[in-house]
Amino acid sequence: MAAELPATGTPQAISDDLDRLLAVLPAPVRAALASAESRAHLLEVVLDLGRLPEARYPGRASLLGDRPVERSDLDAVVDQLGAFGADNRAGIACTLHRISAIRNRTGAIVGLTCRVGRAVFGTVVMVRDLLDSGQSLLLMGRPGVGKTTALREIARVLADDLGKRVVVIDTSNEIAGDGDIPHPAIGRARRMQVARPDLQHEVMIEAVENHMPEVIVIDEIGTEREAQAARTIAERGVMLVATAHGNELTNLIKNPTLSDLVGGIQSVTLGDEEARRRRTQKTVLERAAEPTFPLAVEMHSRHRWLIHRDVAQTVDGLLRGQAARPQVRELGPDGRLQLQEDLPPRPRSIARPLSPRAAAAPGVPAPAASPPAASAGGGAPPPEPSPAAPPPPPATAPPPLRVYGAGISRSALEQVVRARQMPVAVVGSVELADVVLSARQQLGRDPHVRRLAQDLGLPILVIKSSAMPQLQRALERLLARHRPLEPPSPAPEGDDTLAALEECRLAVEHVVLAQGQPVELLPRSERVRRLQCELASRYRVRTAVFGPSGDQRLRLFPA
């Protein structure tokens with residue numbers, strides 16, 4: 001289903017300062033690029049020693065002149081540039097152009113790649129609504145698709161239009177240009193330069209600690225240290241806007257260095273019953289944590305972007321073999337933005353397929369067989385099915401309980417809610433909340449929260465620590481107080497007692513006794529829980545019952 005948004009203004013405007021780049025190139029190259037046709041859509045100019053110069057455009061390349069590049073040509077270009085850094089990149093002061101060097105074994109320059117830097121105004125319309133959400137945003141795409149150009153425009157809009165304190169971590173001076181004065185394309189955003197590429201993660205942390213930003217903008221997160229620094233920044237409540245190389249979200253999931261950006265992947269061993277319920281093998285891949293970037297954009301071209309508005313849900317679906325369903329956004333030449341929901345023809349599965357042996361395991365439903373056809377020799381036809389009763393009207397689900405966490409990580413609360421599938425919405429302010437959940441020391445440090453909650457008549461629940469078990473129990477208590485309890489569903493006929501006892505035995509022998517870790521079993525009826533307790537007592541294992549009425553389950557602890 002497609003939708004068209006009204007035009008947001010004039011089409012994209014481009015500023016490239018191309019004359020500044022052509023001025024440092026050899027005279028024959030400048031002459032070959034004198035016409036407007038040769039300059040349009042120019043991506044880069046390649047100068048390799050002993051070869052003809054080459055101009056590269058989207059999808060094609062063109063040779064310039066008939067005279068090979070000489071060493072004097074390369075030296076003349078280098079003399080007009082700034083100093084090359086440890087990443088063999090240099091620039092032209094107050095421009096966005098980037099010149100990269102190729103060196104021989106002795107360190108002499110034998111090739112130059114002169115890339116045209118353009119400030120494109122108007123690309124931010126593709127993700128303008130995402131910037132208003134305040135959530136961290138990750139841009140992905142192949143090299144040359146326009147990630148850095150979009151990053152530059154996003155930094156300007158966040159700083160100028162939204163009035164946020166923005167700091168750009170500019171490792172190669174590619175975002176804000178060469179020189180000490182940033183290019184006007186980033187607006188009022190501040191720029192921190194990086195002495196060496198391997199120090200980018202340290203400068204990221206330094207920016208947060210020293211300059212109190214609301215938004216950090218980073219280009220090309222590519223190492224594990226940078227991914228860890230990004231998670232540290234996100235957990236401190238700072239919005240991140242960054243780019244990473246990879247055509248789509250699946251590439252990051254499979255990349256062990258960068259997978260932490262989307263939550264990380266871990267191998268989990270399921271119990272027999274859970275494996276049968278999921279119709280998978282016992283060892284599956286699951287997301288390890290909340291994503292550093294809740295929002296992600298796949299840039300397939302400069303005018304066609306795929307938006308993942310819930311990265312956690314998308315990653316969970318991909319790991320379970322489901323197809324990703326991003327929102328497709330396309331920008332027309334008149335500036336109109338077209339939206340449509342993408343329906344992929346087939347799932348791109350990352351989950352392990354179900355083996356034939358597991359498919360034949362007890363408890364896994366077999367595919368329904370087709371009804372037998374009537375015999376050719378006649379006979380009574382099969383009875384016609386009786387008309388089905390009309391389905392009951394769907395029950396209206398109550399609105400989720402809105403919880404504000406004071407001194408508690410929002411990502412930790414959301415992780416507990418997602419893991420236990422609780423009807424809870426974590427909000428960012430006291431005014432939007434139904435209840436306030438606070439760490440013990442936080443109310444004394446922030447009396448404004450207590451006063452505001454008292455003025456609004458909101459209850460406050462104080463917990464000792466923000467550990468995951470404490471948060472889970474606190475949310476369960478809040479739900480029990482503020483949500484009417486549903487009557488417990490009757491146990492199915494012939495409650496699967498044997499399966500419950502087998503689940504308890506495996507948990508005790510393989511986890512509690514073998515690894516010394518507690519285990520929480522599936523919810524059972526009171527009669528079955530009593531049998532599980534008797535079985536656990538024979539192993540000298542401690543037990544306790546947790547959960548609200550109708551969803552109580554047994555937890556096993558080492559003696």
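**Overall surface and a four-stranded parallel sheet**

The protein exposes about 30,200 Å², and carbon and sulfur atoms supply 52% of this area. The model is predicted. Of the 559 residues, 41% count as buried. The secondary structure comprises 18 helices and 27 strands. Among contacts between residues at least 6 apart in sequence, 60% link residues at least 24 apart.

One part of the fold is an open sheet. Four strands build this sheet in the order 22-21-23-24, with parallel pairing. Strand 22 and strand 24 (460-463) are the edge strands, each pairing on one side only. On average, neighbouring strands of the sheet are turned by 30° against each other, direction ignored.

Strand 21 (residues 401-406) pairs with two of these strands. Four bridges join strand 21 to strand 22 (residues 424-427), and the two run parallel. Here Leu401 has Val424 of strand 22 as its bridge partner. Four bridges also connect strand 21 with strand 23 (residues 435-439), again in the parallel sense. In this pairing, Val435 of strand 23 stands opposite Val403.

Helices pack against the strands. Helix 16 (residues 468-482) packs on the sheet and touches strand 21, strand 22, strand 23 and strand 24. The direction of helix 16 makes about 155° with that of strand 24. Helix 13 (residues 410-420) forms a right-handed β-α-β unit together with strand 21 and strand 22. Helix 13 lies across strand 21, strand 22 and strand 23. Its course runs at about 170° to strand 22.

Conventions
Residues are numbered from 1 along each chain as its sequence is written. This is a predicted model: local features need pLDDT of at least 70, side-chain atom pairs count only at pLDDT 80 or more; totals for chains, interfaces and linings use all residues. Side-chain values use heavy atoms; hydrogens and water are left out. Two strands pair if DSSP finds at least two bridges between them. A crossover is right-handed if, with the strands pointing away from the viewer, the path from the first strand over the helix to the second runs clockwise. Buried means under 20% relative accessible area, exposed over 50%, partly exposed in between (1.4 Å probe, protein chains only). Contact means heavy atoms within 4.5 Å. Accessible areas come from the Shrake-Rupley method with a 1.4 Å probe; for residues, only the protein chains shown count as cover. Axes are lines fitted to C-alpha atoms, for helices over the stretch in contact, and angles run from 0 to 180 degrees between N-to-C directions.
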